[in-house]
Amino acid sequence: VNLLQHVYKTGANVMISPFSILEALTMTENGAKGDTLTQMEQTLAGGLSAAEQSAFLTLYQKSLSDSENARMNVANSIWVKNTDDRLHIKDDFLQQNEEQFRAEIFSAPFDENTLSDINWWVSDKTENMIPKMLEEIGDDAVMYLINAVAFDAKWQEEYEDYQVRNQEFTREDGTVEQAKLMYSEEPLYIEDEDTTGFIKYYKENYAFVALLPQEGMSMEEYVNGLTGEKLVGLIETARSVHAAIPKFSSEYTVELSEVLPGMGMTDAFDGDRADFTGIGTVDDGNLYISMVLHKTYIQVDELGTKAGAATAVAVAETAALVEEEIKDVILDRPFVYAVIDTTDSHPVFLGVTESVAR
């Protein structure tokens, strides 16, 4: 939620995968030392140690449901430049990530063929939802740590043709778009002082959570007031509702090398101060993070939801019970949404829809 607040821009569709970003950065964190490690631990998990964070993510990835009706494919890889005699990567760093994150290890020359291989790997692991991850290999890049997530789940109750209606969607600036809204009755209605919403289930162990700010409240104000505790609290208190979701698809790209330092992770991006000696060393130089590139895709329709995410970390070198009343929640204006793992309400994807125009 904190990261969503940092990347949100008024009027723009935004979607991040906190899970994907955590996987890629925790693999990197396993090679951090000193203040660099402390800042990463605080920013990524509120002070949880890198060892505890790695152990949690390892168990969490194994717990995620992956079946015919709700596919969740998670993959990790580490690409190491093999044509730099100054670079000395520690085997135990690679082994740890191979064991804990099932990371595939690739030794490559970091040329145009490597660029094609990385993009092919991401496209394959995201089932072509992220067809091109990198535009180029950075001149100073010596390692890429990459996570890819592909999600494809069917609704527990799929929509029939008669439930889909042409309707207007009003953006925050008053612009009106034509949309196809999918109507249903759902068992879980969400409400607090500034939110109405609902939860719609997929067939197995996942759910779509929609949060609609109260009329007159700006999306910026709503997003900035959101917390992890509030999100979980909203999910845990729900009842019956008449709901409508617009059919929509969205792509999003964000580079986080300026966002994450603003959240407290400063040294990792500083070529002089970064301490990634747990990854390895470079003769007459230093290792630091030069880029954290994040790309996502989502498509919501009558059958269910397809979503993909990929995160690439580039390491470079330097020289209460009430009487039930069925409510209506119509997502015909900007809303916040999440795709959650229902076992513990963790958001695999988290986004804001400001526009449904295709």
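Here is a walk around glutamate 23 and the helix that carries it. Keep in mind that this is a predicted model.

Let's start with the residue itself. Glutamate 23 sits in helix H2, which covers residues 18-29. What is odd about its charge? Glutamate 23 is buried, yet it has no salt bridge. The nearest side chain of opposite charge belongs to arginine 102, and that one is 7.5 Å away. With a salt bridge calling for a nitrogen within 4 Å of a carboxyl oxygen, arginine 102 at 7.5 Å doesn't make one.

So who does keep glutamate 23 company? Setting aside neighbours within four places in sequence, glutamate 23 is in contact with Leu57, Gln61, Val74, Asn76, Phe101 and Asn147. Hold on to Phe101, as we'll meet it again in helix H5.

Now zoom out to H2 and its partners, beginning with helix H3 (residues 34-45). The two axes come within 11 Å and cross at roughly 160°. Because of that angle, H2 runs roughly antiparallel to H3. Their crossing is left-handed. On the H2 side, the contact is made by Leu22, Leu25, Thr26 and Glu29, while H3 brings Leu37, Met40, Glu41 and Leu44.

The other partner is helix H5, residues 91-101. Here the axes of H2 and H5 come within 10 Å and cross at roughly 145°, and the crossing is right-handed. H2 contributes Glu23, Thr26, Met27 and Thr28, and H5 answers with Phe93, Asn97 and Phe101. That brings us back to our starting residue: Glu23 is part of the H2 contact with H5, and Phe101 is among the residues it touches.

Notes: Residues are numbered from 1 along each chain as its sequence is written. This is a predicted model: local features need pLDDT of at least 70, side-chain atom pairs count only at pLDDT 80 or more; totals for chains, interfaces and linings use all residues. Side-chain values use heavy atoms; hydrogens and water are left out. Helices (H or I, at least four residues) and strands (E, at least two) are DSSP runs, numbered from the N terminus. Buried means under 20% relative accessible area, exposed over 50%, partly exposed in between (1.4 Å probe, protein chains only). Lys and Arg count as positive and Asp and Glu as negative; His and the chain ends are not counted. Contact means heavy atoms within 4.5 Å. Axes are lines fitted to C-alpha atoms, for helices over the stretch in contact, and angles run from 0 to 180 degrees between N-to-C directions. Angles under 35 degrees count as roughly parallel, over 145 as roughly antiparallel, 65 to 115 as roughly perpendicular and the rest as oblique. A crossing is left-handed if the near helix is turned anticlockwise from the far one by less than a right angle, and right-handed if clockwise.
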